[in-house]
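Colleague: Could you take me through one part of this model closely, beginning with the packing and ending at a single acidic side chain?

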Amino acid sequence: MTMDTKALLAEAEALKPQLLTDRRTLHRDPEVGPSLPRTAAYVTERLTALGYTPRPLAGGVVADITGEDTGRCVLLRADMDALRVREATGLDFQSENGAMHACGHDMHAAMLLGAAALLKRHQSDLKGTVRLVFQPDEEGFTGAKSMLAAGVLKDAPTPKAALALHVNSGTPSGMVLCGRGTFMAGCTLFRVSVRGTGCHGAMPETGVDPINIAAHIYLSLQELRPHGRSPPRSLPW
């Protein structure tokens, strides 16, 4: 069955009042880290109201929806944690608990709830399963790892692809940016140890200065440039 994209877009636009409510509710009460009990409870409540059977997983929330059971599965993921910064926007839905959704994860979660609503309306058109994943602690780098360890990609049906996005305040509204290969930033922690050799100040040639070495490493890192990246493409939405 061919889906009418214009009609689907109109359905999405009609969800705006609920999306605003979801986003502002989450924005008003942000939580930080791997444990987001109030946020997870709100997401669970909203999914349940839409007819899903959500389940907790490693601090996050997961829900599946299946149309025609083909064994295929696609995963849609949104993060839902905030930053430990104090908000001073003056908005009528401003957070006042010392944390803030300054990175847009309140919007990500609301957008996935919107997708959940549309998918439920068109469940009979689905050729397979869509797994909805609401992830904690993206900012602390542990949320995805915890959910992976808990089996979010192993539970049947096994997802064959995963889709995620991130809002960008510098992109015009109504535009989606994408690119071939690696496109969004990732976080990888590493440690560099520099060991020197002590010496007397009057005989520096007999020693090895680790501060000088570390400074050269840092300056060299600033000269790195990515290679082989295709320029991003903009798609009107």
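Modeller: What follows goes from the nonpolar packing to one aspartate.

This is a predicted model, in which local features need pLDDT of at least 70 and side-chain atom pairs count only at pLDDT 80 or more, while totals for chains, interfaces and linings use all residues. Residues are numbered from 1 along each chain as its sequence is written, and side-chain values use heavy atoms, with hydrogens and water left out.

The largest nonpolar core (buried Ala, Val, Leu, Ile, Met, Phe, Trp, Tyr and Cys residues joined through side-chain atoms within 4.5 Å; buried means under 20% relative accessible area with a 1.4 Å probe, protein chains only) has 22 residues, of which Leu47, Tyr52, Met80, Leu119, Leu132 and Phe134 touch the most other members. At least two residues each come from helix 3 (37-49), strand 2 (60-66), strand 3 (68-79), helix 4 (105-121) and strand 4 (127-135), and helix 4 gives the largest share, five residues; helices (H or I, at least four residues) and strands (E, at least two) are DSSP runs numbered from the N terminus.

Asp81 lies in the loop between strand 3 and helix 4. Asp81 is buried yet has no salt bridge (a side-chain nitrogen of Lys or Arg within 4 Å of a carboxyl oxygen of Asp or Glu), and the nearest side chain of opposite charge, Arg77, is 6.7 Å away; here Lys and Arg count as positive and Asp and Glu as negative, with His and the chain ends not counted. The side chain of Asp81 does, however, reach the backbone nitrogen of Glu138 at 3.0 Å. Leaving out residues up to four places away in sequence, Asp81 touches (heavy atoms within 4.5 Å) several residues, including Glu31, His101, His105 and Pro136.

Definitions and conventions
Buried means under 20% relative accessible area, exposed over 50%, partly exposed in between (1.4 Å probe, protein chains only). A polar contact is a pair of N or O atoms within 3.5 Å; within protein, one must be able to donate a hydrogen and the other to accept it, and residues adjacent in sequence count only if both atoms are side-chain atoms.
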